[in-house]
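I opened a fresh page for this chain today. My plan was to look at the packing, then at a few backbone angles.

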Amino acid sequence: MASLYTKIKLYCEANGASDVDMRNDVMLQDDMVNGVSNPYIKEWNLDIAQPTDAQLASYETAANTAESNATVDATRKSQYGSWGDQLDEIYHDIEAWKTRIQTIKNNNPKS
């Protein structure tokens, strides 16, 4: 299940608000009930309408994909190595570098 944060971010982007400050523009709160997470929008300070639960639910699939791809991006980034190391590898053997990068991408596909 995608996080409320991600669904709100996608809703805002789809409605023309791409630079949202989640500390001032939109504030989330989670009142745990019997140990169960129950996040909700505590405060909405944007010029676009606050989304309904149904509107946010419609972003579930896209939000799951975005979160999955963010995990893949982080994994790939950690495996690529630093820019300096990559440039050195390219200088010495660009074909080996291409093969290594493609292997990383193949082992960590995006949705």
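**Notebook: core and backbone**

I started with Cys 12 and listed its contacts, leaving out residues up to four places away in sequence. Cys 12 touches Ala 17, Ser 18, Val 20, Trp 44, Leu 46 and Ile 48. A reminder to myself: this is a predicted model.

Next I looked up the largest nonpolar core, and I found 15 residues in it. Cys 12 is among those with the most contacts inside this core, together with Ile 8, Tyr 11, Trp 44 and Ile 48. Which elements give two or more residues to the core? They are helix H1, spanning 4-14, and strand E2, spanning 39-44. H1 gives the most, with five residues. I jotted down a familiar point here: nonpolar side chains tend to be buried together in soluble globular proteins.

I then went through H1 for burial. Leu 4, Thr 6, Lys 7, Ile 8, Leu 10, Tyr 11 and Cys 12 are buried in this helix. What covers these buried residues of H1? The cover includes strand E1 (26-30), E2, helix H2 (53-57) and helix H3 (60-80).

Last, I checked the backbone. Gly 16, just after H1, takes a positive phi of about 85°. Asn 34 has a positive phi too, of about 50°, although it is not a glycine. I noted that one because most residues other than glycine have a negative phi. Asn 34 sits in the loop between E1 and E2. Is Asn 34 buried or exposed? Its relative accessibility is 77%, so Asn 34 counts as exposed, the cut-off being over 50%.

Technical notes: Residues are numbered from 1 along each chain as its sequence is written. This is a predicted model: local features need pLDDT of at least 70, side-chain atom pairs count only at pLDDT 80 or more; totals for chains, interfaces and linings use all residues. Side-chain values use heavy atoms; hydrogens and water are left out. A nonpolar core is a set of buried Ala, Val, Leu, Ile, Met, Phe, Trp, Tyr and Cys residues joined through side-chain atoms within 4.5 Å. Buried means under 20% relative accessible area, exposed over 50%, partly exposed in between (1.4 Å probe, protein chains only). Helices (H or I, at least four residues) and strands (E, at least two) are DSSP runs, numbered from the N terminus. Contact means heavy atoms within 4.5 Å.
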